[in-house]
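Here are a few short exercises to work through with the structure open beside you. Try each task before reading its solution.

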Amino acid sequence: MMELTFAHPKFLFLLALVPLFVFYFIYNRKRSSAAFSLPSLQGLSAVGPGLKAKLLPVLPVLRTLGFIALVIALARPQKSLSEKEVTTEGIDIVLSIDVSGSMLALDLKPDRLEASKNVAKEFIEGRPTDRIGLVVFAGESFTQCPITTDHSVLLNLFEDVKSGLIEDGTAIGMGLATAISRLKESEAKSKVVILMTDGVNNAGYIDPLTAVELAKAEGIRVYTVGVGSRGTAPYPYRDAFGRTMYQNIEVQIDEELLQKIATETGGEYFRATNNEKLKEIYEAIDQLEKSKINVASFESKSEHFFLFAFMALIAFALEVLIRNTFLRKLI
């Protein structure tokens with residue numbers, strides 16, 4: 001990007017003298033004008049001003065222009081070409097989201113799963129330099145999207161995340177282990193799993209604490225989020241006629257396990273009891289896991305005072321030339 005700068009900008013204050021010069025030239029010209037009377041102007045009506053009379057006002061103009069050009073030359077105008085080289089040290093993140101039937105409870109709006117998806121998508125959009133992946137789990141787990149910087153693809157795959165995709169249940173150990181396997185080959189200096197669930201581990205063949213040891217071995221921090229209000233929450237179910245009905249069921253989240261997973265891996269545990277709290281949790285994680293961005297600036301300067309110095313020389317030379325040739329007898 002080209003920018004015009006001045007090496008010695010203080011000289012530009014001398015331009016404030018220009019109005020004084022103009023005033024002086026006008027005043028001096030009026031003062032030196034001769035006045036005499038004629039009985040009649042009829043004989044001069046066809047006589048126009050001569051060349052010398054026309055050139056006389058040019059002298060102060062040339063002097064003023066020369067002064068302006070000289071001041072600018074003294075200020076040393078320069079053009080700066082600046083470039084910035086941005087290098088980012090992103091973070092590899094895997095979101096592991098519970099999609100069991102209980103995530104359809106209505107204590108978060110429109111339900112736990114959709115609320116979790118909406119806030120997670122906002123989180124993804126706010127981290128353009130990170131590679132992010134998606135794992136879903138219920139009675140078992142699978143990778144919905146490997147870690148990628150193509151967030152548009154990731155966000156599209158989020159739309160396909162629904163309850164009922166896989167066998168029901170809550171396999172927290174499986175959800176964590178699958179997320180860890182996505183990060184195992186990562187060369188990022190910072191690797192993170194955000195695990196969200198609303199229940200108790202009751203399925204899968206990997207114990208959650210075994211998955212914790214895997215995370216520790218790989219240097220992966222795990223942030224755990226318990227999704228659900230306290231007390232009871234309305235859960236949907238189908239009656240004998242296929243109609244969707246709701247009943248209040250006690251919310252059971254294994255907070256002790258989620259706390260242990262987070263503490264053992266250097267992360268934190270959060271409890272999202274409503275939509276606002278869920279959003280605050282993602283904002284807190286966003287602040288805790290900041291990508292590093294290094295900006296290196298390069299700048300080169302080229303001098304442009306020669307042009308203005310040349311203009312000043314030409315203006316002063318023309319003034320001297322006119323003064324000592326055409327106007328020699330008048331001045």
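**Exercise 1. Find how much surface the protein chain exposes, and which atoms supply 58% of it.**

Solution. In this predicted model, the protein chain exposes about 19100 Å². Carbon and sulfur atoms supply 58% of that area. Now turn to the inside: of the 331 residues in the chain, 38% are buried.

**Exercise 2. Describe the make-up of the chain and the reach of its contacts.**

Solution. Start with the secondary structure, which comes to 10 helices and 11 strands. Next, take the contacts between residues at least 6 apart in sequence: 81% of them join residues at least 24 apart.

**Exercise 3. Decide where the coordinates call for caution.**

Solution. Begin with the overall confidence: the mean pLDDT of the protein chain is 84, and 82% of its residues reach 70 or more. Then look at residues 34-38, where the pLDDT is below 50. Beyond near neighbours in sequence, this stretch has one contact in the model. Where pLDDT is low, the predicted coordinates should not be read in detail.

**Exercise 4. Locate the aromatic pair and classify its geometry.**

Solution. A search of the whole structure gives one aromatic pair. Its members are F123 and Y282, with 5.2 Å from centre to centre and 55° between the planes. Planes under 30 degrees apart would count as stacked and those over 60 as edge-to-face, so the rest are tilted; the F123–Y282 pair is tilted. Finally, place the two residues: F123 sits in helix α4 (residues 112-125) and Y282 in helix α9 (residues 275-288), so the pair links distant parts of the chain, 159 residues apart. Both F123 and Y282 are buried.

**Exercise 5. Work out how strands β8 and β9 are arranged.**

Solution. Strand β8 covers residues 232-238 and strand β9 covers residues 244-250. They pair in the antiparallel sense, over seven bridges. To check one bridge, take Y235, whose partner in β9 is Q247. The two strands form a hairpin with five residues between them. In the turn, G242 has a positive phi of about 80°.

**Exercise 6. Is D130 buried or exposed, and what does its side chain reach?**

Solution. First find D130 in the loop between α4 and β4 (131-137). D130 counts as buried because its relative accessibility is 0%. Next, follow the side chain of D130: it reaches the backbone nitrogen of I91 at 2.7 Å. The D130 side chain also makes a polar contact with the side chain of R127, at 2.5 Å.

Notes:
Residues numbered from 1 in each chain as written. Heavy atoms only, no water. pLDDT = per-residue confidence, 0-100. Contact = heavy atoms within 4.5 Å. Phe/Tyr/Trp six-rings, centres within 6.5 Å; stacked < 30°, edge-to-face > 60°. Helix = DSSP H or I, 4+ residues; strand = E, 2+ residues; numbered from the N terminus. Buried < 20%, exposed > 50% of the residue type's maximum accessible area, 1.4 Å probe, protein only. Pairing = 2+ DSSP bridges. Areas by Shrake-Rupley, 256 points an atom, 1.4 Å probe, with all protein chains shown as cover. Polar contact = N/O pair within 3.5 Å; in protein donor to acceptor, adjacent residues only side chain to side chain.
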